[in-house]
Amino acid sequence: MRKLMLFTIGFALGCGLCAYLLSEAWILPLCIAGAVFVLGGIFWKPLRRVSLCSFGLVLGLLWCLFFRNLYLQPAMDVDGETIQVTIQVTDYSYETDYGSAFDGKVALDGWIFSVRSYVDTKEPIVPGDVVTGTFRMRYTPGGEKQATYHPGKGIFLLAYERGVASVAHGTSDGFYPADIAQVIKEKLRAAFPEDVFPFTQALLLGDSTELDYATDTAFKISGIRHIIAVSGLHVMILYSLISALTFRKRFLTALLCFPTLALFAAVAGFTPSVTRACIMVALMILAQLFDKEYDPPTALSFAALIMLLANPMVITSVGFQLSVGCVAGIQAFAKPIEAWIKGYLGESKGKGIIPGIKRWISSSVSITLGAMTLTTPLS
């Protein structure tokens, strides 16, 4: 019985209910009902699995409630307000239709929040700069109009310039991932034609800000938006490259992989898909290092749980849902589908071109269909 997997399913369900459906009035009754199942599992063995899920559900609801009412409360309080703020810039600005936008940090009542700010100027703003001015604030999980996609990325405030903000230029020390990402973008812009650059930037770094509206919409409507998202494929390429360079020496591979994966995740902006992949690969490396069994469902559960603990609102991120759903679908359905395809194609053992082609077809098609079982309904 994979206890962590069952607990994480319940925890994710609790976070999802809290984020999407429930008012606070429903949380206490659900917690009481969940506690009843937890107690039932202690005294009655057939309820053990349900009790583990229920325990995760209760803690997920409580953690989401705690996160909202304690940490997010200052952000809720300034929703719709026009206030004087000081924003520490953490990433390079990019142009918008009416000026430019940049990500940064703002302090409210002793808490630090990630904020996406929109200003009228098109002058470059770089990490380390400090922007001070009057901004109208918007709380992203709901606020003035409706919820946005930003909370899944950890951005809980939007700031719109009112008046003229001042920019104090500072040092970029400590913002190395943003600097590296910017250097990569400049190299890509120099290497590719102007119409190809936005796609290569999105494909390599997951940054789709340069894609025009028509192209981005076409990707979304066709259901292949995930192609231009940094994901587990990028992480596995990095791992495979390092593993080959170290001749699969376990200690040396771990020594090089851990900082490389952490840096790559930071350069990609710690998007849910790349964060999930990095955590799972890190667990796989640890299992190899200590000669332990690597269990993919447990690794996926651990990665999802860590991300939900860091930000329960990540459950609302489409990237998180598709990334976890894709891997879960492969783990649950790929092997049965592969067995069915092998039975349909006939004997595929032994050497030779025909058996090799059969194995390749059964393996690749089963992984593709397995990934689609959960991601297609989401799409």
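Begin by selecting I361, which you will find in helix α13 of this predicted model. With a relative accessibility of 31%, I361 counts as partly exposed, because that class covers values between the 20% limit for buried and the 50% limit for exposed.

Keep I361 selected and add W340, Y344, L345, I353, I354, I357, W360, V365, L369 and M372, so that you have the whole of a nonpolar patch on the surface, because together with I361 these residues form it. The accessible area of this patch comes to about 1200 Å² in total. Which helices should you colour to see where the patch comes from? Colour α12, which covers residues 318–345, and α13, which covers residues 353–378, since each of them supplies at least two residues of the patch. The largest share, 8 residues, belongs to α13.

**From the patch to D295**

Next, select D295, which sits in the loop that runs between α10 (272–289) and α11 (296–310). Show its side chain and look for two partners: a polar contact of 2.8 Å joins it to the side chain of R2, and another polar contact, of 2.4 Å, joins it to the side chain of T298. The pairing of R2 with D295 is also a salt bridge, in which the closest N and O atoms are 2.8 Å apart. This pair links distant parts of the chain, for R2 lies in the segment before α1 (3–20) while D295 lies in the loop between α10 and α11, and the two are 293 residues apart. If you now display the surface, R2 is partly exposed, at a relative accessible area of 39%.

**Two further places with salt bridges**

The model holds 7 salt bridges by the rule used here, and another of them appears when you select K185 and D207, whose side chains meet at 2.7 Å, N to O. Here too the pair links distant parts of the chain, with K185 in helix α5 (residues 176–191) and D207 in the loop between α6 (197–205) and α7 (213–222), 22 residues apart. Are these two residues buried or exposed? Both K185 and D207 are buried.

Then select R189 and E194, which form a salt bridge with their closest N and O atoms 3.4 Å apart. E194 is exposed, with a relative accessible area of 54%, whereas R189 is partly exposed, at 38%. Add E210 to the selection as well, since salt bridges that share partners join R189, E194 and E210 into one network.

**The strands around β3**

For the last stop, select strand β3, residues 100–108, and hide the other side chains for a clearer view. Of its 9 residues, 7 are buried, so the strand is largely enclosed by the rest of the structure.

Now bring in its partners one by one. Strand β1 (residues 82–89) pairs with β3 in the antiparallel sense over 2 bridges, and within this pairing Q88 has K105 as its bridge partner. Strand β2 (residues 94–95) also pairs with β3 in the antiparallel sense, over 2 bridges, and here Y94 stands opposite A101. These two strands, β2 and β3, form a hairpin with 4 residues between them.

Finally, add strand β4 (residues 111–119), which pairs with β3 in the antiparallel sense over 9 bridges, and find Y118 in β4 standing opposite A101. The hairpin of β3 and β4 has 2 residues between the strands, and D109 in the turn has a positive phi of about 50 degrees.

Note on methods:
Residues are numbered from 1 along each chain as its sequence is written. This is a predicted model: local features need pLDDT of at least 70, side-chain atom pairs count only at pLDDT 80 or more; totals for chains, interfaces and linings use all residues. Side-chain values use heavy atoms; hydrogens and water are left out. Patches are made of residues with over 30% relative accessible area and no salt bridge: like charges are joined within 9 Å, nonpolar side chains (Val, Leu, Ile, Met, Phe, Trp, Tyr) within 5 Å. Accessible areas come from the Shrake-Rupley method with a 1.4 Å probe; for residues, only the protein chains shown count as cover. A salt bridge is a side-chain nitrogen of Lys or Arg within 4 Å of a carboxyl oxygen of Asp or Glu. Buried means under 20% relative accessible area, exposed over 50%, partly exposed in between (1.4 Å probe, protein chains only). A polar contact is a pair of N or O atoms within 3.5 Å; within protein, one must be able to donate a hydrogen and the other to accept it, and residues adjacent in sequence count only if both atoms are side-chain atoms. Two strands pair if DSSP finds at least two bridges between them.
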